[in-house]
Structures are given as C-alpha cells and as structure tokens.
Amino acid sequence: MLFPLLLVTTTMASARDKPLPPLMLPMTTPVVTMTFEGQPLRIRVDPGATRPVGLNASAARRLGLADPAFLTGRRKPERGRATIQVGKVKLREDTIDLPLDYAGRVLPLTLAWSDADHVDGADGLISPRQLPHDVVRLVARPASPNDRTTVLPMRWEGGRGLLGSLPLGRNTVDIVIDTSMATSVATAAAAAWLAEAPDGRLTGPRRDLRISRAVERPVRDVRFGRPVDMAGVRIDRVAARIFDWSGRTTIPEDTAPSDELVVTGRVESQSRWAKLTIAQDRLAACAEIGWQREPLQISLTCPALP
C-alpha cells in the first residue's frame, strides 16, 4: 500500500519542480503577485534586479518584517544586514529569508529593505532568474519589419545581477538591461572608454541623476556625433557617472567645456567597474525584451539603425 502513495508523492514533487510555461508581461507594467500567508505583494519583474528581492519599506512594514517576534511557520526566519554600494554611497539594508507563494509554488527568497520606498508602482523588484519560468517576455508592441532582434549572452552575479559583455575597442564593458531605471547611464570607467570612441565626447554641465534606491550621483553626458548600436539599442548619448567605479581610469579632462570650473580633491579609491546600464529612455522604443534561462541570455527586439 505504500508504493502507490510514494508514486503519487514523487509525481507531485516532479510536477512542482518543472518550470512553469513562458511568462508574458506588458513592458510598461511587468508585475506579478506573490503572497506571504495570504498577504499579497505586487513584485515588478526586471532583468536589472539583483539577487535579494528589493522590497519597499512600506511593504516591509505592512508585513511586520522588522518585528522581532515575527514568525514564519512558527519559526524565526533567518535575518541579516546587507551593505549596498551605489557608486561611492553605501546603504544598509535589513534582509530576511521568506517563502513566498507564487503560481502554486513556494519560492524561498531573500527580501531586502531600507527605510524608504524605491520601487514605483509595485511593492518590490525581482530578477526573472528567481521565478520558476525558463522564459520571461516583456512585450510593448508587435514586432515590425523595421525591428531587429539582438541576442545577448548573459552571466549571473548575485550582487550585480544579470550581466552581458560589450566589446569596446580593446576593452570590454558590462551591459545591464534595466527596465525600472529611467535614464541610461555608464560608470566612470565605461564613460571614459565611450568618450574615446569615434565621435564620442563628454559634454554638458554636471547634474545629479537618480541611480538606484533613490540615490543621486553626479553625471555629465557622453554624446556621439551619430547614433551608435550598443547591444542592439540605438544610442546617441548616455549619462556618465563621473566619479563612480573609475579605478585607474579617468574621464578625459580636455573634453570639459572651456567655461566649466573643474574641482579636484581626494576621494576614496574604488575599483574599476566598466558598466553600461541601458534603461527606459532607450528601451521604450523596443518591441520586446526576452529573458531565457538555458542558455542564459536576453534578447532585444528594437528598431534597427538606418
């Protein structure tokens, strides 16, 4: 009598382990619903997200996550503290390991939150890699004959998320596709190499730009004499984080306008990370962004350069 029960149990477990069908979401509002003990959470799916599910402070308060007496399944959950570095700004976040219910599955996830809300239109942010789908499609419109699909092989680094690689002369730049960020931006190391490219030039006054978790960092613009194709996306300019992740790389000073006062001083040294984040100001023109688990890749269906 034990064998049929064992067979049924094994079959149910195997069904739970199988990936769910491809997930298709609107690119403007790519939100899924998860629950914890019946309490719903609206989570935005973004290929630019990192390993911890970034939770708004308001959602953490609603669930009572900071309460020392908080229990899950009559047990105290694993807790921690994480340091998030946005350029030269360091933030502290609380973390907690929770099982969230999604589409009939229980997903063991790490949630992280600070004292502020930083996800618009949802309670949190999650990478498609942490969903039980092998394919996730963010669709804005039907593809047209003027579109071209570019496939980017990706790798996963928990603290940095999904990263692609873009050859740039003798150098290589990490590519992040971020559908939550408003403005495309390059770190100082990537901006220096972009400014050295043909028709590339650092221009404009310094300004503050929101980068991540409501942190603003000083930027200028790298502009190109004519639009260039980067990872299948048409780019004529990109914001440049003039102080962040530069390492030994420096942005060419001779590109500064003659009437600009350039102030230098001692700042904390930081390793080099050449990264270009392609955000909504460029992705909004695309028909579709696709993510696939095996092989790990992102496809961009966007207008081709003339």
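1. In this predicted model, Asp134 and Arg293 form a salt bridge in which the closest N and O atoms are 2.9 Å apart. The two partners come from distant parts of the chain, since Asp134 sits in the loop between β8 (124-126) and β9 (135-139) while Arg293 sits in the loop between β19 and β20, with their positions 159 residues apart in the sequence. Neither end is hidden altogether: Asp134 counts as partly exposed because its relative accessibility is 32%, and Arg293 counts as partly exposed because its relative accessibility is 22%. The cut-off that matters here is 20%, under which a residue would be called buried.

2. The loop between β19 and β20, which holds Arg293, also contains Pro295. The peptide bond that runs from Glu294 to Pro295 is cis, and its omega is near -10°. A reader tracing the backbone from Arg293 towards β20 may wish to look at this bond alongside the salt bridge to Asp134.

3. The count of salt bridges in the structure comes to 12, and among them are two that share Arg155. With Glu157, Arg155 forms a salt bridge whose closest N and O atoms are 3.2 Å apart, and with Asp174 it forms another, for which the corresponding distance is 2.9 Å. The pair of Arg155 and Asp174 links distant parts of the chain, Arg155 being in strand β11 (residues 155-157) and Asp174 in strand β13 (residues 171-177), 19 residues apart.

4. How buried or exposed are the residues around Arg155? Arg155 itself is partly exposed, because its relative accessibility is 30%, and Glu157 is also assigned as partly exposed, because the value there is 28%. Asp174, by contrast, counts as buried, because its relative accessibility is 10% and the limit for that class is under 20%.

5. A further group of charged side chains deserves a separate entry: Asp236, Arg237, Asp281 and Arg282 are linked in a network of salt bridges. Another arginine, Arg160, has an aromatic partner, for its charged end sits over the ring of Trp273 at 3.7 Å from the ring centre. As for contacts between aromatic rings, the count comes to 1 aromatic pair.

6. The structure holds 1 disulfide, formed by Cys286 and Cys302, whose sulfur atoms are 2.0 Å apart. The link between these two cysteines is right-handed, with 90° about the S-S bond. Cys286 lies in the loop between α4 (280-283) and β19 (288-292) and Cys302 lies in strand β20 (residues 297-303), so the disulfide ties together parts of the chain that are 16 residues apart in sequence. Both ends are classed as buried: Cys286 because its relative accessibility is 1%, and Cys302 because its relative accessible area is 2%.

7. Where is the space in the largest cavity, and which residues line it? The structure holds 1 cavity of 30 Å³ or more, and about 40 Å³ of space lies in the largest cavity. Its lining is made up of Val45, Pro47, Pro128, Val136, Leu138, Ile289, Gly290 and Trp291. The elements that give two or more residues to this lining are β9 and β19, and β19 provides the largest share, 3 residues. Strand β19 therefore appears twice in this note, since it also borders the loop in which Cys286 lies.

8. Two residues other than glycine have a positive phi and may be worth a look when the backbone is inspected. Glu37, with phi near 50°, lies in the loop between β2 (31-36) and β3 (39-45), and it is classed as exposed because its relative accessible area is 54%. Arg74, with phi of about 65°, lies in the loop between α2 (57-63) and β5 (79-86), and it too is classed as exposed, because its relative accessible area is 82%. The threshold for the exposed class is over 50%.

Methods. Residues numbered from 1 in each chain as written. Predicted model: local features only at pLDDT ≥ 70, side-chain atom pairs only at ≥ 80, totals over all residues. Heavy atoms only, no water. Disulfide = S-S within 2.5 Å. Helix = DSSP H or I, 4+ residues; strand = E, 2+ residues; numbered from the N terminus. Buried < 20%, exposed > 50% of the residue type's maximum accessible area, 1.4 Å probe, protein only. Phe/Tyr/Trp six-rings, centres within 6.5 Å; stacked < 30°, edge-to-face > 60°. Lys NZ or Arg CZ within 6 Å of the ring centre and 35° of its normal. Salt bridge = Lys/Arg side-chain N within 4 Å of Asp/Glu carboxyl O. 1 Å grid on protein atoms, 1.4 Å probe; cavity = no way out; pocket = protein on both sides within 12 Å on 5 of 7 lines; lining within 4 Å. Points joined across faces, edges and corners; volume = space filled by probe spheres on them.
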